[in-house]
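Work through the exercises below with the sequence and the model at hand. Each task is followed by a solution in steps.

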Amino acid sequence: MDSDILAEPMDFKVSELINEVQIDHSPAFTKHVNDTVSSIRNSIDKIPDNLVVTGEEAAGFVRDVGADKVEFKFKKPKSIEIGGSYSIKCVVKPDISVDLFIQLPKECFHEKDYLNHRYHAKRFVYLCVISKSLKSDSSFAKVEWSTLQNEARKPVLLVYPADKLAEVPGFFVRIIPTAKSLFNAAKLDLKRNNVRALNQGEISLPTPRYNCSILEDMCLEDNTEFLKKTFLGWKALGEALVLLKVWARQRDFIHSHDGLNGYLIAIILSYLVAHEKVNSSMRPLQIFRVTLDFIANSKLWTRGLFLQKQGEIKILKESFVGIGSTIKSLRPGNPQISGLRPPTRLLRRGVVFELNFHLAISSIWGIHLLFPFHFFLDFVSMSQDFLICSNVQLQNEASLTLQCFGKSGDSAFEDIFMTKIDFAAKYDYCVRLNLKGNSEFYSSGYCLDEECWRLYEKKVHSLLSQGLNDRAKSIRVIWRNIPSCCSLENGLSTLDGEPLLAGISLSSLDKAFRVVDIGPDAEKKEEATRFRKFWGEKAELRRFKDGKIAESTDPMSFSASLLGAFDVLSKRLRLIEDIPLKVSSVQPLDPAFRFTSVFPPEPHPLASEKGNVPRLHKLTSSCIQPLEVMIQLEGSGNWPMDDVAIEKTKSAFLLKIGESLENSWGMTCTATEDDVDVLQSGYAFRLKILHERGLSLVKREIGSDQGKRVSSADQKLFVHSQHSSMINGLQGVFPIYGPVVRLAKRWVASHMFSACLSEEAIELLVAHLFVKPLPFTVPCSRITGFLRFLRLLAEYDWTFSPLIVDINSDFNACDKKEIYDKFMLTRKGYEESSQNISPAMFLATSYDKASEAWTRLSPNILELKRLVAYARSSANLLTRLVFQDQTESYRWECLFCTPLTNYDAVILLHGDRLPYPQRLLFPSKLNHGRLVAHGNASKDFQPFMLPGDLRGSLDKMKNKLLVDFDPLRCYIADLQASVLKCFKECNTLKLWYDYLGGDAVGLTWERSCSKKRDREEASDAEDPIDVLKAVGEAGKGFVKSVHFLKAPRLMN
């Protein structure tokens, strides 16, 4: 679908988004801001001039930054002006704040205070004096410390007014010191050393990051004025900035020190305006796309950007590729530019900085800096590898967003602006390092040229990069070391409370699970020494035949024996000669064959051919799960037309097939009225026949009246076969798909949604994450895929949007229109009642465009709401576990342990009478409610064969093997068929259970009575206690106890 066409309907959503997130500069809000700023001014004015201020005001901070000579007499700020987003009317919720620039007076500083962090120390102490005054003023509810872009040596004050305005909750003013004209800019040349402690012997190392930190404050006010002139009066440009802020915040760029904050975005937009990439005829969304295209694809990132003030002489941009040549001024007549060499020679003069800094934003500063040194600080002031990493990831995010315009279809808006792309969901693996109290990271000092936190980030990044090599596509290391509430006066030692996070995106599973890394050749002594030094004892010298390692791990090796057994069965079925119609095809349908079974079947010693003597062990299971296999026979015109007769004929064929397998190969076959099971190689295969006439009708007429005449058994088999083929193909492309599905199925069952969401529906939901990963990349780990599954459940608009799962890219525009038409038919009754829609979860596939196969009846609206709530809670918990340490109340176990108090009544089962008790994750416990019934475990069934059962002939032992026996399923069927029918029609009772082996069943009920007469009848309804007693009696020997928690509720 053409992205330009898509942009037009998106404009409406974009307009609504802008109205929602952009602060309205109403008279009330403007007055609130002015009053707060005025109160701050008055509070500062109360501070007496010439107040002697020393480093004792913040002795810990002064000590940790290594400053000396911190003493001055306090003077009022030279100016107090509003800046930032508020000044250009681009404040974006939820962080509603106003930047207030206070210009530090020159009288408080010595001309050499740019040395040895004296400026930073005095800057902070100056703020401490202001902080004391503000805290003593009743006009302010709270005064807190924060930092400028996570730089610990540059704190700022957050001031919360006492008076609140309802339309701007949480509003605060951020006081940011500026240092306009405070120092001679030539002293802050990037080649100079201004931190003497960084010297190595007699060699003075340059301190470009430190110098840029001061230059940023010197240029902040003038850069803000430059932005005001660009943005004020241009509504579309401001709205584009708002969109870019929302985009960056959803991707966690806003709050990271190496990210893309609103200030830098505004600078990039100003650059595009200056170079006529953006014009006044463009809509906000068009400007947004142009900016993303520039970020993703511009070659200027490797050369640097250049903004030139009007009235200054023109210099070739190529002259500034080496940006490190800090040109003091470009005004005509300046002797420093009168003798400039040609651009190529100028480039060579700056080459030393080009080597140090891969990415650069060109800057020219004379009277003021036109391009922000903050950008220069964030991106230039990092080592080359770490710098490239952050910039490449920014470009990748921009590139993925551009793909969303063309590939996401109708969900492009949600993918771009509404989807949270945080650390936990973005990276395949997240490493959390808790370094609290670890003195190693600041052993050389907290602040030299770089802060110790940034140095440690680079150290960890280098270690991971070298260790993972080409296994990792990208690595992001970040340490958000500034907590929301901190006391910086006492020093920087408290800023290690937050853990360091490392995010790793894998390049491919083949590379990730590679067993051996081949290092450098032995002849390359220097490289080989470095390799051996890094890996230590793990490194060894080997001789390879062809220099290539072909070893790898197979994540699906557990199914090798199963696939081998199926292959043997398939061949034998095709070789059968003594049936009227030969077997033409055999297809496995069970999830185990497509690697999505939570518990892959293990070979059972008794499920073997005749003549094979099994080796039994003490814990031999009494039960075995059958694996469904579909077979098709040769075509024939002699099939009966009646559905019942067709099914009887199928049974006859299956019996004959079983007899042939027994006679020809000694295979054990068991038959019931409905099924024929074949025991072979440790597995039980359940055979099903797809009627060839039904198949042709289904293929041609599915969805029509003629198709509805096809037997339900044939329809189910056909849909199952189509689904199995598609999922099996998907698993072949994405090996991690199966493990993600197994986690998702385990979660759904653990929270007792087994009756609401089928296995196939779960497989389709997870498939959607792989075939349409945008705005992410395809997940390469189970945890990341599982988290995205939970968020899909929690955040997708199930009421108004169908989920189209196009695994093989089969759908064209007509197909999608057909799906939307079918979807709209299911939503016709929504205006009358929000409960009157079915299916509540619309899953469209190429074989089921009307969502009839897996979600037609369940989940219903109420079940889906409950499912969404549980998914949201689990997604939040899993995200929290990625970022923080576990606590007693929040552990990973909570993801798969459902709270039983959320039900009206609970049935606890005897765990040792489940068919597979080893699958029970957490035994259920309940200390609430009224005990209604209690029973002992029956001795009629044991999940494991007793010693006496393991004696006698093989045939006798096989007769004791229970195929497809599940007491929970039988118990649920009995309850639904008999006991629950005793409840009156105006009552709805719902059973919740875990089909994978849970030992609890939840019950919820509601009296959905609206009329007075119905209410009177409801009052005469049977007592819930009596019903629960009957429930316990129906499961005698299997039910451990029944607990009554909440009475039925009346609903109008």
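## Exercise 1: two cis prolines

Pro-775 sits in the loop between helix 26 and helix 27 (782–795). The model is predicted.

Task: Which loop holds Pro-859, and what is omega for the peptide bond from Ser-858 to Pro-859?

Solution.
- Start with Pro-775: the peptide bond that reaches it from Leu-774 is cis, with omega near 10°.
- Pro-859 belongs to the loop between strand 18 (843–844) and helix 29.
- The bond from Ser-858 to Pro-859 is cis, and its omega is near 0°.

## Exercise 2: positive phi outside glycine

Task: Is Glu-276 buried or exposed? Is Ser-851 buried or exposed?

Solution.
- Locate Glu-276 in the loop between helix 8 (262–274) and helix 9.
- Its phi is positive, about 60°, although Glu-276 is not a glycine.
- The relative accessibility of Glu-276 is 72%, so the residue counts as exposed; the cut-off for exposed is over 50%.
- Ser-851 lies in the loop between strand 18 and helix 29, and has a positive phi near 55°.
- Ser-851 has 1% relative accessibility and therefore counts as buried, the cut-off being under 20%.
- A further positive phi, about 60°, is found at Met-752, just after helix 25.

## Exercise 3: checking helix lengths

Task: What span should helix 25 (residues 737–750) have at 1.5 Å a residue, and how far apart are its end C-alpha atoms? Repeat the check for helix 9 (residues 284–297).

Solution.
- Helix 25 has 14 residues. The expected span is 1.5 Å times one less than the number of residues, so helix 25 should span 20 Å.
- The end C-alpha atoms of helix 25 are 20 Å apart, which agrees with the expected span.
- Helix 9 also has 14 residues and should span 20 Å; its end C-alpha atoms are 20 Å apart, in agreement.
- Now consider cover. In helix 25, 13 of the 14 residues are buried, and the helix is mostly covered.
- In helix 9 the buried residues include Pro-284, Leu-285, Ile-287, Phe-288 and Thr-291. Leu-292, Phe-294, Ile-295 and Ala-296 are buried as well.

## Exercise 4: a buried glutamate

Task: Where does Glu-763 lie, and which side chain does its side chain join in a polar contact of 2.6 Å?

Solution.
- Glu-763 is part of helix 26 (residues 759–771).
- Its relative accessibility is 0%, so Glu-763 counts as buried.
- The polar contact of 2.6 Å is between the side chains of Glu-763 and His-723.
- Leaving aside neighbours within four places in sequence, the residues in contact with Glu-763 include Pro-591, Arg-594, Thr-596, Tyr-737 and Lys-745.

## Exercise 5: nonpolar cores

Task: How many residues does the largest nonpolar core have, and which helix supplies its largest share?

Solution.
- The largest nonpolar core has 151 residues. Ile-175, Leu-492, Trp-747, Leu-765 and Phe-789 have the most contacts inside it.
- Helix 29 (residues 861–883) supplies the largest share of this core, eleven residues.
- A second, separate core has 60 residues, among them Ile-176, Ile-267, Val-278 and Phe-405.
- Take Leu-765 as an example. Not counting residues up to four places away in sequence, Leu-765 touches Leu-757, Phe-789, Leu-792, Leu-793, Trp-798, Leu-803, Met-841 and Leu-843.
- As background, nonpolar side chains in soluble globular proteins tend to be buried together.

## Exercise 6: aromatic pairs

Task: How many aromatic pairs does a search of the whole structure find, and what is the geometry of the pair formed by Tyr-796 and Trp-798?

Solution.
- The search finds 35 aromatic pairs.
- Tyr-796 and Trp-798 are 4.7 Å apart, centre to centre, with 55° between the planes, and the pair is tilted.
- Tyr-796 is partly exposed, with a relative accessible area of 25%, whereas Trp-798, at 4% relative accessibility, counts as buried.
- Ring pairs also link Trp-747, Phe-753, Phe-789, Tyr-870 and Trp-992 into a cluster.

## Exercise 7: the whole chain

Task: What percentage of the residues in the protein chain is buried?

Solution.
- The protein chain has 33 helices and 25 strands.
- Of its 1052 residues, 55% are buried.
- Among contacts between residues at least 6 apart in sequence, 74% join residues at least 24 apart.

How values were computed
Residues numbered from 1 in each chain as written. Predicted model: local features only at pLDDT ≥ 70, side-chain atom pairs only at ≥ 80, totals over all residues. Heavy atoms only, no water. Helix = DSSP H or I, 4+ residues; strand = E, 2+ residues; numbered from the N terminus. Buried < 20%, exposed > 50% of the residue type's maximum accessible area, 1.4 Å probe, protein only. Contact = heavy atoms within 4.5 Å. Polar contact = N/O pair within 3.5 Å; in protein donor to acceptor, adjacent residues only side chain to side chain. Core = buried A, V, L, I, M, F, W, Y, C linked by side-chain atoms within 4.5 Å. Phe/Tyr/Trp six-rings, centres within 6.5 Å; stacked < 30°, edge-to-face > 60°.
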